[in-house]
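Student: I would like to go through the ligand sites of this model. Please show me the structure.
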Amino acid sequence: MKKTFLLASLFLILIVILVLKQGATPSWTHYQKEYFIEQISKLQVQLRTVNDEKKKEQLQLEITNYQNRQPEIIDLILPNGKVERCKTCHIGIEEISNSHPSNTLGCAVCHGGNPLSLDETTAHTQMYGGSHPGSLDAASLSCGGIGANGEACHAGNQERANNEVDLVKTSLMSTKAGELSVVRRMFGLDKTKDVPGLTKGEVAFYYPNPLQGRPNEKRFKQDCLSQCHQSGGNIPLPTNYPQSATAQSQEQSSAKGQIQGNGCETCHILTNSTHTYIGDDTTIKADNLNHGMIHRLTTQIPYTQCNQCHNQGNHDALKMSFTIRPDMAKVVRDWQTGDATWTDRLSDYYLPSEIFAKCEVSLDCIDCHTRQDVMGDDQLHTSQNDTVHLQCLDCHGTKEKLPLTKKIENPQDLAFEEQITNPQFPALHIGDQILMTAQGEELPFLRHNEGNWIQSSRVTGKSFKIPLAYGSKCQQNANEQGADSCHKCHDRSALHY
Ligand code: HEC
Ligand code: HEC
Ligand code: HEC
Ligand code: HEC
Ligand code: HEC
Ligand code: HEC
Ligand code: HEC
């Protein structure tokens, strides 16, 4: 009798627990409700600024729709029949890009995880690279993986240029072979530029022994290699960055300073100066550092993105120290608001002591530095000079020679792929003449047309007429084509201060 009573009570308790559990609202309903509320308040702000009655009516209708909307499970059904439910919580997440539409690609192709789960922990287990699928550790699975249609994405293709994941891993910015080589030579370890033991595709942070037991070995790894590193390393935050200023303690300050360069994302996901997310996904909180501004890939990479690492200050390789540029506060302010004037741009772009021609500021870094310059050319270079293919003469020619051109004849030409990166580009047609670097890399955003040499910015879409050295009053020496010799006469930096 006693036993039966005990069993019955246990059974009852079990039922009560089950009922309670089912009754508790699942977390995704909160995220969705938060999203509806945020959308409503955004629409209400719009409503206040609109005068047109029709538009007002439409906005009011949208507001009512959100007010009446009930949370529900969102099943993303992919063309291959697979179902993904990530958007049930991440209802507000932006489309990552036009060429990666979520209704055909889904989320798991880049993120991994368990897309059927509606539980936060299970859904996120075994994600590729956590919140950074683009970090170089994870990129082979995410960017370099296999798409839903069975096709190879950015690795494993026949065409080498389409294997960005493999290329980027060998690029100088990933291997840091230039820095390794300079430091090793400076400390007398090598006479040549070689970096013994560094293998193609290996990133420098894992390079076992950059200074081979010298006293500075640890410091070099900690202060130099792990800084600005593309994968696993930190981007240093100057003391006057907003989040350093709001840190309450030393500990918090260093915790807040953990901004990392994450492989492909470092360039292709735009960040703001606080490295925080400002998009519509309500699960990602405003003070959660180390995120891009919104969930959006881009190839229109402005100079400020490159300058998260470049032009931040001076490196002293002998002392192994780094001094932040003195005008950093202004640079960060302008990054936040956008350069208001040409003078702002001129002073923010390079370090105060640097010399440049006008185009080195009016254009963005990627208007000059080609894919191969930036994402690698499949060679293991060990110095910046060997790596940079681009020269001033590729655009300006010399006193004797016009810039190299190529007539587009093949519809399969890689140039067609590159030109779509900015919708504002003048469309490329068969028969068009594009410029080429001396190394043979195509510059589809530079065109030659009836005596005009026109460049369209990859970032802004703005067109520039390229002045040629050929036929000009330029006093250059034909054999001195390096930027340093041109800068002796073509120096616009006097406008700096
Ligand atoms: C083409 C690859 C790709 C696809 C497809 C993709 N993401 Fe992402 N996602 C990324 C990258 C790259 C980041 C890192 C962004 C950053 O640095 O902040 C990211 C970041 C995120 C974040 C963190 C917030 C942020 O922006 O930093 C969330 C949440 C997220 N993704 C959810 C999703 C969901 C849900 C889907 C499907 C609807 C999806 N993603 C589809 C590449 C992708
Ligand atoms: C049950 C709700 C829920 C589901 C389902 C869910 N997520 Fe999340 N996700 C969250 C929450 C909440 C966060 C914020 C966690 C935090 O800040 O610690 C988050 C964060 C993320 C992040 C950023 C991680 C970080 O550390 O900042 C990514 C990327 C992400 N989710 C992707 C996905 C993908 C891909 C799926 C589907 C496979 C998915 N999520 C399914 C609730 C969910
Ligand atoms: C995460 C930090 C980081 C970001 C972001 C970054 N770079 Fe670099 N870059 C470096 C470092 C570090 C080196 C030097 C590596 C060496 O010498 O070993 C370098 C070298 C270079 C070089 C010379 C060597 C080469 O690979 O051609 C060029 C050109 C260059 N960067 C252009 C760019 C452009 C353009 C962007 C933006 C689209 C950019 N970088 C963004 C860190 C970065
Ligand atoms: C240092 C900056 C930088 C990094 C890191 C980087 N990219 Fe790029 N990427 C660029 C630039 C610059 C372009 C050229 C933009 C253009 O064509 O207008 C580009 C273009 C692309 C394109 C478009 C190609 C086309 O035809 O326009 C793809 C795809 C791409 N990158 C993938 C990747 C992947 C995958 C990674 C990581 C393995 C990566 N990128 C890392 C700077 C970078
Ligand atoms: C007008 C075209 C142009 C623009 C814009 C430009 N560069 Fe360069 N860059 C060059 C050329 C040309 C060289 C090779 C110079 C030479 O002849 O030695 C070069 C060289 C470099 C080098 C190799 C080391 C050195 O200083 O010689 C780095 C690193 C670099 N650029 C980064 C950048 C970054 C980062 C940006 C944007 C902040 C940028 N460049 C903007 C044309 C440009
Ligand atoms: C990718 C093409 C490209 C490269 C590479 C390039 N330029 Fe230019 N350059 C331009 C364009 C476009 C203009 C006109 C835009 C402007 O003046 O703002 C220009 C303008 C100039 C001018 C006339 C304006 C002035 O500064 O007085 C000079 C001089 C010049 N460039 C020198 C150089 C030098 C030196 C280099 C190498 C460090 C270089 N350019 C590399 C495209 C390029
Ligand atoms: C000894 C000084 C000197 C050197 C070195 C020099 N230039 Fe010039 N360059 C000039 C002068 C002077 C002009 C004519 C300026 C004018 O017409 O206003 C000129 C004109 C030009 C122009 C045409 C600008 C225009 O607005 O029409 C370009 C482009 C140019 N130079 C590029 C270069 C490049 C690239 C180099 C390096 C390979 C170089 N210059 C080296 C002095 C020099």
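Student: Which backbone atom lies 2.9 Å from an oxygen atom of ligand 6?
Tutor: This is a predicted model, where local features need pLDDT of at least 70, side-chain atom pairs count only at pLDDT 80 or more, and totals for chains, interfaces and linings use all residues. Residues are numbered from 1 along each chain as written, chains are lettered from A and ligands numbered from 1 in written order, and side-chain values use heavy atoms, without hydrogens and water. The pair is a polar contact (N or O atoms within 3.5 Å). The protein partner is a backbone N or O atom of K358.

Student: Which side chain has an N or O atom 2.7 Å from a nitrogen atom of ligand 6?
Tutor: R492 places a polar side-chain atom 3.0 Å from an oxygen atom of ligand 6. The nitrogen has another partner listed among the closest residues, alongside C359, S362, C392 and C395. That side chain belongs to H396.

Student: Why does ligand 6 lie between two domains, and which are they?
Tutor: The shell holds 23 residues (near means a heavy atom within 4 Å). By class, 12 are nonpolar, 6 polar and 5 charged. The domain bounds come from an automatic or database assignment. Both domains give residues to the shell, so ligand 6 lies between domain 1 (168–367) and domain 2 (389–495).

Student: Which element gives the most to the shell around ligand 7?
Tutor: Here 16 residues surround the ligand, with C474, Q481, C486, C489 and H490 the closest. The elements giving two or more residues are α21 and α23; helices are DSSP runs (H or I, at least four residues) and strands likewise (E, at least two), numbered from the N terminus. With 3 residues, the top contributor is α23.

Student: Which polar side chain lies 2.8 Å from a nitrogen atom of ligand 7?
Tutor: The shell has 7 nonpolar, 7 polar and 2 charged residues. One of the closest residues makes this contact. The residue is H490.

Student: What is the geometry at the iron atom of ligand 2?
Tutor: H90 (NE2) and H124 (NE2) coordinate the iron at 2.0 Å; donors are N, O and S atoms within 2.8 Å of the metal (3.2 Å for Na, K and Ca). The angles among the 6 donor atoms run from 87 to 179°. Six donors qualify if opposite ones are over 155 degrees apart and all others between 65 and 115. The site is octahedral.

Student: Is H124 buried, partly exposed or exposed?
Tutor: Buried means under 20% relative accessible area, exposed over 50%, and partly exposed in between (1.4 Å probe, protein chains only). At 36% relative accessibility, H124 is therefore partly exposed.

Conventions
A polar contact is a pair of N or O atoms within 3.5 Å; within protein, one must be able to donate a hydrogen and the other to accept it, and residues adjacent in sequence count only if both atoms are side-chain atoms. Ala, Val, Leu, Ile, Met, Phe, Trp, Tyr, Cys and Pro count as nonpolar, Asp, Glu, Lys and Arg as charged, and the others, Gly among them, as polar. Four donors count as tetrahedral if all angles lie between 85 and 135 degrees; four count as square planar and six as octahedral if opposite donors are over 155 degrees apart and all others between 65 and 115; anything else is irregular.
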